[in-house]
Amino acid sequence: MNRLTRYVSVGVGSALLLVASSLGWYALSTPPVENLPLPPELISISSAEGQQLLALAESKADYAQLAPHLVAQARRAFCGPATSAAVINAARRPQPLATQAALFNAAASAVKSEFAVSFSGLTLEELAAFMRAHGLQVQVVHAGESGLAAFREAARATLGEPGTFLIANYDRRVLKQAGEGHLSPVGAFDAKTDRVLILDVATRKYPYTWVPVSMLWAAMNAIDADAGQTRGYLLVAAGTD
């Protein structure tokens, strides 16, 4: 190997190492605080209107159960683990309580490892399997195989009944937000305004947000390129073990 070739090889190797290090840092680091503005179609829970919607909503049992357990996602692709931890803690009340890091037991890691989730997140089916690994009963509903009316009724019934939970998998771009695929629990449904309250686990980016049901449905009806099918939602309950 002549000197020029050796220099090129060293340069290429150094560049690849730098890229790999940068990607690793990005995937494994804590997301920064951004506090992005909401589009006018969406309503922050912290606003006067958002608080009024919560006060008047009839189906909001899940909000009270989930609120004590909600935490910001620890990594950029950890919306699935953050959502899982909140729902597991609300549904099963394990001792000690579940954390995002502690969720990766042998059964959950067999679905997808912590390292892999850090880089590519979880699809709807993977999240369902991940939560089943922790003893939860999970029904998967892909938007392309269902309809808006069925989702609205599922939201009304599930969010109004203690012990049952709704998780949405949606494309942020349809909600006019920054980012792409995302997972978060839903906390309440207001029939009068036909909105649901997304308890966004990316709290450094967006607040808990009231979203029109039809708009969320369109966002769930978007294709997840990793899964090769539409996004959708999960209906979750505690297991019987």
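**Exercise 1. The largest pocket**

Work out how the lining of the largest pocket splits by residue class, and which residues sit nearest its centre.

Solution. Start with the classes: the lining of the largest pocket holds 14 nonpolar, ten polar and eleven charged residues. Bear in mind that we're working on a predicted model here. Next, the volume, which comes out at about 860 Å³. Now list the lining: there are 35 residues, and Arg76, Ala77, Cys79, Glu180 and Gly181 lie nearest the centre of the pocket. Last, ask which elements give two or more residues to this lining: they are helix H1 (3-28), helix H6 (114-120) and E4.

**Exercise 2. The largest cavity**

Find how many cavities of 30 Å³ or more there are, then describe the lining of the largest cavity.

Solution. The count first: one cavity of 30 Å³ or more turns up. The volume of the largest cavity is about 30 Å³. Then read off its lining, which consists of Leu42, Tyr170, Leu175, Gln177, Ile198, Asp200, Pro207, Thr209 and Val211. Sort those by class and you get six nonpolar, two polar and one charged.

**Exercise 3. Backbone oddities**

Locate the cis peptide bond at Pro96, and say where Lys176 and Asp194, with their positive phi values, are found.

Solution. A reminder to begin with: most residues other than glycine have a negative phi, and most peptide bonds are trans.

- Step one: Gln95 and Pro96 are joined by a cis peptide bond, with omega about 0°. Pro96 belongs to the loop between helix H4 (79-92) and helix H5 (106-111).
- Step two: Lys176 has a positive phi, near 65°. You'll find Lys176 in the loop between strand E3 (164-171) and strand E4 (181-190). Is Lys176 buried or exposed? Its relative accessibility is 52%, and the cut-off for exposed is over 50%, so Lys176 counts as exposed.
- Step three: Asp194 also has a positive phi, near 55°, and sits in the loop between E4 and strand E5 (195-198). With a relative accessible area of 21%, Asp194 is partly exposed, because buried would need under 20%.

**Exercise 4. A helix pair**

Classify the packing of helix H8 (residues 148-159) against helix H9 (residues 213-220) by angle and handedness.

Solution. Take the geometry first: H8 and H9 pack at an angle of about 115°, and their axes are 10 Å apart. Angles of 65 to 115 degrees count as roughly perpendicular, so that's the label for H8 and H9. For handedness, the crossing of H8 past H9 is right-handed.

Methods: Residues numbered from 1 in each chain as written. Predicted model: local features only at pLDDT ≥ 70, side-chain atom pairs only at ≥ 80, totals over all residues. Heavy atoms only, no water. 1 Å grid on protein atoms, 1.4 Å probe; cavity = no way out; pocket = protein on both sides within 12 Å on 5 of 7 lines; lining within 4 Å. Points joined across faces, edges and corners; volume = space filled by probe spheres on them. Nonpolar A, V, L, I, M, F, W, Y, C, P; charged D, E, K, R; others polar. Helix = DSSP H or I, 4+ residues; strand = E, 2+ residues; numbered from the N terminus. Buried < 20%, exposed > 50% of the residue type's maximum accessible area, 1.4 Å probe, protein only. Axes fitted to C-alpha atoms, helices over the stretch in contact; angles between N-to-C directions. Parallel < 35°, antiparallel > 145°, perpendicular 65-115°, else oblique. Left-handed = near helix turned anticlockwise from the far one by under 90°.
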